[in-house]
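Got the viewer open? Set it to cartoon, keep the side chains handy, and let's take a walk through the fold.

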Amino acid sequence: AKESKIKIIPNGLDVENYRHAISEIEYQKFILFIGRLVFYKNLDVVIASFVDVVEKFPCSKMVVVGDGPMNAKWRKMVSDLGLNKRVIFAGHVSEEKKIELLTKCSAVVLPSYVEGFGLVILESFAMKKPVLVANVRPLSEIVSDGLDGFSIPPHNPNIWTEKINLLLSNKEICMRMGSEGRKKLEEKYASDLMLNGMESLYLSLVNE
């Protein structure tokens with residue numbers, strides 16, 4: 001068989017940009033969503049799951065960072081479910097505020113059923129946070145289910161509730177999963193590795 005000329009080089013993240021916040025990492029009782037508020041981000045499923053999350057953990061919160069055309073609809077959903085004090089829409093935030101939120105949350109949720117690479121996952125791994133994603137590619141290929149996060153059916157709020165509750169109730173699991181994510185980031189997705197991969201590719205092309 002003819003050797004494939006296709007080489008995949010994953011996106012990278014500059015780990016150094018997040019190193020200053022490592023000493024401030026906590027696992028407070030809130031989860032974080034970062035993304036544009038569009039329908040395929042599927043935030044509905046996490047909002048629906050949060051009714052039962054709050055029943056078990058009345059002081060828990062979800063912070064939603066971002067804006068978009070679904071903002072009003074999802075705010076109404078939150079209001080209709082009586083979650084106004086538990087689901088906080090933060091809108092657009094500065095890079096410093098985003099890193100602060102990543103530093104303090106217990107976990108990050110990315111329930112999209114259509115997604116590109118998902119750079120938010122790498123940012124979460126940089127801050128040693130487990131990530132809950134919908135079990136669709138490529139998200140389910142970046143997050144290893146049960147190791148550095150969970151890969152969950154995109155339309156089953158009960159399972160989202162179960163996994164969120166597990167993490168909010170156990171900082172040790174968050175720490176262990178987050179550390180695995182950080183390890184994966186440094187071994188596979190650090191920007192210097194990406195650059196080395198590109199350099200090797202270019203050299204191989206030049207030498208052909």
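In which sense do β5 and strand β6 pair, and over how many bridges? Select residues 149-152 for β6 and look at how it runs against β5: the pairing is parallel, with four bridges. Keep in mind as you go that this is a predicted model.

Now show side chains across that pair. L132 sits opposite F150 in β6.

Next, swing over to β4, residues 107-110. This strand also pairs with β5 in the parallel sense, here over three bridges. The residue to pick is L110, which stands opposite V133 in β5. To see how the chain gets from β4 to β5, add helix α5, residues 119-126: the strand, the helix and β5 together make a right-handed β-α-β unit.

Stay on β5 itself and select residues 131-134. In a regular strand, side chains alternate between the two faces of the sheet. Here V131 and V133 are on one side, L132 and A134 on the other, and all four are buried, so both faces of the strand are covered.

Time for the charged side chains. The structure holds 10 salt bridges, and three stops will do for this tour.

Stop one: select K41 and E115. Their closest N and O atoms are 2.8 Å apart, in a salt bridge. The partners are 74 residues apart in the chain, with K41 in the loop between β1 and α2 and E115 in the loop between β4 and α5. K41 counts as buried because its relative accessibility is 9%, under the 20% cut-off.

Stop two: go back to helix α5 and pick E123, then add K98. These side chains meet in a salt bridge at 2.6 Å, N to O. K98 belongs to helix α4 (residues 95-104), so this contact links parts of the chain 25 residues apart. Is each partner buried or exposed? E123 is buried, at 7% relative accessibility, and K98 is buried too, at 13%. Add E95 to the selection: salt bridges with shared partners join E95, K98 and E123 into one network.

Stop three: select K184 in helix α8 (residues 171-189) and D148 in the loop between α6 and β6. The two side chains form a salt bridge, 2.7 Å from N to O, and they lie 36 residues apart in the chain. K184 is buried with a relative accessible area of 14%, while D148 is buried at 0%.

Notes. Residues are numbered from 1 along each chain as its sequence is written. This is a predicted model: local features need pLDDT of at least 70, side-chain atom pairs count only at pLDDT 80 or more; totals for chains, interfaces and linings use all residues. Side-chain values use heavy atoms; hydrogens and water are left out. Buried means under 20% relative accessible area, exposed over 50%, partly exposed in between (1.4 Å probe, protein chains only). Helices (H or I, at least four residues) and strands (E, at least two) are DSSP runs, numbered from the N terminus. Two strands pair if DSSP finds at least two bridges between them. A crossover is right-handed if, with the strands pointing away from the viewer, the path from the first strand over the helix to the second runs clockwise. A salt bridge is a side-chain nitrogen of Lys or Arg within 4 Å of a carboxyl oxygen of Asp or Glu.
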